[in-house]
Amino acid sequence: MKKKGVIIQASSRANGNTHRVVSFVKERTGFDSIDLSTKKIGHYDYQFKNNTDDFLPLIKKITEEYEVFIFATPVYWYAMSGILKVFMDRITDCLQIEKEIGRKLSQKSMGMISCGSDSELKDGFTMPFKETANYLQMSYLGDVHTWIENDAIPTSVKNELIRFSDQIQ
């Protein structure tokens with residue numbers, strides 16, 4: 001049975017290269033997508049002063065509606081985007097003040113798509129995703145690294161995205 005999933009796009013450009021890849025995967029999987037650049041999500045703080053921003057309603061919606069979360073991020077300075085890092089940091093809210101949401105995460109699955117300027121992804125890039133899934137007791141479905149050539153997704157990358165899409169459903 002096909003699982004209901006969401007691709008969480010975390011790019012500074014809503015219609016950039018990462019979006020092209022997200023669109024390809026959406027078409028193959030039927031997953032929904034959420035663009036984090038359209039949300040107001042403050043940095044994590046120990047006093048939870050940001051508890052009225054978009055994070056808590058968004059993570060509540062995601063945990064209630066979806067079984068599979070796919071994080072899609074450009075590679076910025078050898079790491080995930082700042083937007084995604086802030087989102088992931090805020091998951092701490094779900095472990096400290098919204099524990100019911102945090103408990104639901106252990107029933108979910110996670111994967112990751114990266115989009116860089118070339119075919120090489122530096123060692124260690126995937127570690128925060130794998131370890132976050134492990135810590136939250138989520139199933140880690142894997143990851144795929146992508147790039148764009150001449151304003152298009154190369155055939156070899158499309159083939160990897162097809163394999164990844166089949167794997168996450």
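**Close-up 1. The β4-α6-β5 unit, with its handedness in view**. A crossover counts as right-handed if, with the strands pointing away from the viewer, the path from the first strand over the helix to the second runs clockwise. In this predicted model, strand β4, helix α6 (residues 127-135) and strand β5 form a β-α-β unit that is right-handed in just this sense. The two strands run parallel, and 8 bridges join β4 to β5. If you would like one pair to zoom in on, try M112, which stands opposite D143 in β5.

**Close-up 2. The open sheet of 5 strands**. Reading across the sheet, you will meet the strands in the order β2-β1-β3-β4-β5, with parallel pairing. At the edges sit β2 and β5 (139-147), each of which pairs on one side only. Ignoring direction, neighbouring strands here are turned against each other by 20° on average. As a general reminder, strands of a sheet pair through backbone hydrogen bonds, either parallel or antiparallel.

**Close-up 3. Strands β1 and β2, paired side by side**. Here β1 (residues 5-9) meets β2 (residues 32-35) in the parallel sense, over 4 bridges. Two partners are handy landmarks: V6 stands opposite D32 in β2, while I8 has I34 as its bridge partner in β2. Together with helix α1, these strands make a β-α-β unit, and this one is right-handed.

**Close-up 4. Helix α1 lying across the sheet**. The helix lies across β1, β2, β3 (68-74), β4 (109-116) and β5. Relative to β1, α1 runs at about 175°.

**Close-up 5. Where α1 meets α7**. Two packed helices are described by the angle between their axes and the distance between the axes. For α1 (residues 17-29) and α7 (residues 155-168), the axes come within 10 Å and cross at roughly 50°. That angle makes α1 oblique to α7. The crossing in which α1 passes α7 is right-handed. Which residues of α1 meet α7? They are V21, F24, V25, R28 and T29, and they meet K158, L161, I162, S165, D166 and I168 in α7. Sorted by class, this contact has 6 nonpolar, 2 polar and 3 charged residues.

How values were computed
Residues are numbered from 1 along each chain as its sequence is written. This is a predicted model: local features need pLDDT of at least 70, side-chain atom pairs count only at pLDDT 80 or more; totals for chains, interfaces and linings use all residues. Side-chain values use heavy atoms; hydrogens and water are left out. Axes are lines fitted to C-alpha atoms, for helices over the stretch in contact, and angles run from 0 to 180 degrees between N-to-C directions. Angles under 35 degrees count as roughly parallel, over 145 as roughly antiparallel, 65 to 115 as roughly perpendicular and the rest as oblique. A crossing is left-handed if the near helix is turned anticlockwise from the far one by less than a right angle, and right-handed if clockwise. Contact means heavy atoms within 4.5 Å. Ala, Val, Leu, Ile, Met, Phe, Trp, Tyr, Cys and Pro count as nonpolar, Asp, Glu, Lys and Arg as charged, and the others, Gly among them, as polar. Two strands pair if DSSP finds at least two bridges between them.
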